[in-house]
Structures are given as C-alpha cells and as structure tokens.
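User: I have a structure open and would like to learn how to read its packing step by step. Could you walk me through it?

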Amino acid sequence: MTAVGAGVAPVVRRVEHVMGMPISLALRGTHTRDDRAEAAWQEALAELRWVDAVFSTWRADSQVSRLGRGDLTLEQCDPAVAEVMRLGDDARASSDGAFDVWLTDPDGVRRLDPSGVVKGWAVDRAIAPLLALPGTDVCLSAGGDMVCHVTDPDGEPWVVGVEDPHDPTRLVARVPLLRGAVATSGSAHRGGHVVDARTGVPSTALASVTVVGASLTSVDVDATTALALGVDGPGWLRSRLRTGVVVWADGRVETVA
C-alpha cells in the first residue's frame, strides 16, 4: 500500500527505520508537532525496537532465535512470545495448516519464523501511546500495512491507496478508514516470500491480497494466509467474512466483501 490521503486537513509525518522496514506516522489535529506528540512517537518506536530485539529472526541473540534453536523453552521467554505463538497456532488451525510459524526449508530444516504474526501485532501495540493524544487523528504504518484512527466518528477518514502489484504507479483501490487496519501481502516488492506452510512452495496464482478489518494483527495474518492459499484464497476470505481486494497473477482485480 502506498499513499495515505486526508483531504485538506494539515498532516504532519514522521519516518524511522525499525524492524528492517520503514515505520511511518501521520498525525493531524491537536498534537502534531509539540512535545506530547514527539514523546508518544518515541514511545511507539521504543516498543517496536523492543519487539525487534525479542522476535527478530535475523538476530541470533533474540528470544525467538534462541527458542527456535532449543536454547530456550517457551516458559523461559517473555510472556509476549507465548502470546504470539498462540496467535500462530490459531492461524494454523483456521487455515488448515497453510499458515504456520514453523516452516520447513528446502533442505528439510524446520525453523521458527513468527514474522507473519509479529508485524501486525507489534503495530497494534505500538500505536497505543499515539491513540492517547487527545483530539489527534493517527495513521501508523509498518512497511505499508497500517492502523488508522480518527477521533471524531463523523470526521474526515484517512484514505489508503492500494497499489497495483503489476504497476506500482497505479492504484487498484482507495480505502477510506475512520478506525481500523489495512494489510497487503504480495510479491511485488519481495518476490515469492510467502509460502504455503504445508508444501513450502509459494503460490503463484495471486499477485496480492489486501484485507481490511479492526486489527492489524488479524488482517495481516489473513492477507498472508489468503496469498499462500492461492486460488482458494478469495473463497477462504469470504468464509471468514473478510473485506478486501485480490489481484490475480493475470491482472484481474476481485473485490471480497
């Protein structure tokens, strides 16, 4: 996902690189440039850095890396690790195993990678101090997946643009959001990195899946799962009463509602 629009209301933006991706913040309203806004932003970044230290699969000293190697038990990890693992278990069950935090490499090695849960879950946690800013609308994005909040239920929504995975200069949809989250999983920027955990093979049927819902944790997992399911992805989303946009590998755009 790309642009976040907000009509004519002034928007103040901030960007930092955390967890191996750009983290961007858009604020409008009462607290945008003052000390209170800066303190909330720094608190959000601190939370994301803590998540990275605990859950990074690239850092050999993270709790998740040590758990995957068997150097730690789940009981020895921070309780947040058990929470993420429970979410992964739920996703595996709901997808008949297509989504899993345990993946098998081509060489047969089984590895722990809860990244498909962690990103959305981390942003849902990190946005908390920003939501506490009175009279301030917030949109927090991690690698293009975002949580949006407008303080006034009758206020101006944030508008999230969904990129065409075949042509990133073009949008296939614009999603207005007052309060909620949008996540996209696709191959446009990272190639076939999403695999069906049952086979270890990426599906090539879908180019991207965008899901809209209440929490980034859930829509991020469901977008990833639907992409992994390939031709069965849109039907699976409908079975979960999801709303979203699917772009097929042949360029067809399908709305799920």
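**Reading helix packing and cores**

Analyst: Happily. Let us begin with a helix pair: A44, E47, L48, W50, V51 and F55 in α1 meet V118, W121, A122, V123, R125 and A126 in α4. By class, this contact between α1 and α4 holds 10 nonpolar, no polar and 2 charged residues. Keep in mind that the model is predicted.

User: At what angle do α1 and α4 pack, and how far apart are their axes?

Analyst: Helix α4 covers residues 115-126, and α1 packs with α4 at an angle of about 150°, the axes being 9 Å apart. Angles over 145 degrees count as roughly antiparallel, and therefore α1 and α4 are roughly antiparallel to each other. The crossing of α1 past α4 is right-handed.

User: How do I read the pair α1 and α3?

Analyst: Take the angle, then the residues. Helix α3 spans residues 79-94, and its axis and that of α1 come within 11 Å, crossing at roughly 80°. That makes α1 roughly perpendicular to α3. On the α1 side are W50, V54 and F55, which meet A80, V81 and V84 in α3. The class count for the contact of α1 with α3 is 6 nonpolar, no polar and no charged residues.

User: And what is the angle between α3 and α4?

Analyst: It is about 125°, with the axes of α3 and α4 10 Å apart. That makes α3 oblique to α4. Here too, handedness can be read: α3 passes α4 in a right-handed crossing. A80, E83, V84, L87 and G88 of α3 make the contact with V117, V118, W121 and R125 of α4. Sorted by class, the contact of α3 with α4 has 6 nonpolar, 1 polar and 2 charged residues.

User: Let us move from pairs to the core. Which residues of the largest nonpolar core touch the most other members?

Analyst: For a core, look at the side chains that connect it. The largest nonpolar core has 61 residues, and those touching the most other members are M19, I23, F55, L130, L140, V209 and L237. Helix α1, residues 35-55, supplies the largest share of this core, with 9 residues. Another core lies apart from it and has 16 residues, including C148, V160, V162 and L177.

User: Which residues is L237 in contact with, leaving aside its neighbours within four places in sequence?

Analyst: Leaving those neighbours aside, L237 contacts V209, V211, D222, A226, R242, V246 and V256. You met V209 a moment ago, as one of the residues that touch the most other members of the largest core.

User: How should I read a single position such as V219? Is V219 buried or exposed?

Analyst: Start with where the residue sits, then its accessible area, then its contacts. V219 is placed in helix α6, residues 216-229. With a relative accessible area of 0%, V219 is buried. Beyond four places in sequence, V219 is in contact with A181, V182, A183, V211, V212, G213 and R242.

User: Where is V194 placed, and which residues does V194 touch, not counting those up to four places away in sequence?

Analyst: V194 is in the loop between β10 (179-186) and β11 (195-196). This loop residue is buried, at 11% relative accessible area. Not counting residues up to four places away in sequence, V194 touches S185, P202, S203, T224, L227 and A228. For V194 and A228, compare sequence with space: they are 34 residues apart in sequence, and their C-alpha atoms are 6.0 Å apart.

User: Let us try another loop residue, D152. Where is D152 found?

Analyst: Look between β7 (145-149) and β8 (158-164), where D152 is found in the loop. D152 is partly exposed, with a relative accessible area of 40%. Setting aside residues up to four places away in sequence, D152 touches L178 and R179.

User: One last feature is the backbone. What is the phi of M19, and what is the phi of D96?

Analyst: For backbone angles, check the sign of phi and the residue type together. M19 has a positive phi of about 60° although it is not a glycine, and M19 is found in the loop between β2 (12-18) and β3 (21-29). D96, also not a glycine, has a positive phi of about 55°. D96 lies in the loop between α3 and β4 (102-104). With a relative accessible area of 62%, D96 is exposed.

How values were computed: Residues are numbered from 1 along each chain as its sequence is written. This is a predicted model: local features need pLDDT of at least 70, side-chain atom pairs count only at pLDDT 80 or more; totals for chains, interfaces and linings use all residues. Side-chain values use heavy atoms; hydrogens and water are left out. A nonpolar core is a set of buried Ala, Val, Leu, Ile, Met, Phe, Trp, Tyr and Cys residues joined through side-chain atoms within 4.5 Å. Buried means under 20% relative accessible area, exposed over 50%, partly exposed in between (1.4 Å probe, protein chains only). Helices (H or I, at least four residues) and strands (E, at least two) are DSSP runs, numbered from the N terminus. Contact means heavy atoms within 4.5 Å. Axes are lines fitted to C-alpha atoms, for helices over the stretch in contact, and angles run from 0 to 180 degrees between N-to-C directions. Angles under 35 degrees count as roughly parallel, over 145 as roughly antiparallel, 65 to 115 as roughly perpendicular and the rest as oblique. A crossing is left-handed if the near helix is turned anticlockwise from the far one by less than a right angle, and right-handed if clockwise. Ala, Val, Leu, Ile, Met, Phe, Trp, Tyr, Cys and Pro count as nonpolar, Asp, Glu, Lys and Arg as charged, and the others, Gly among them, as polar.
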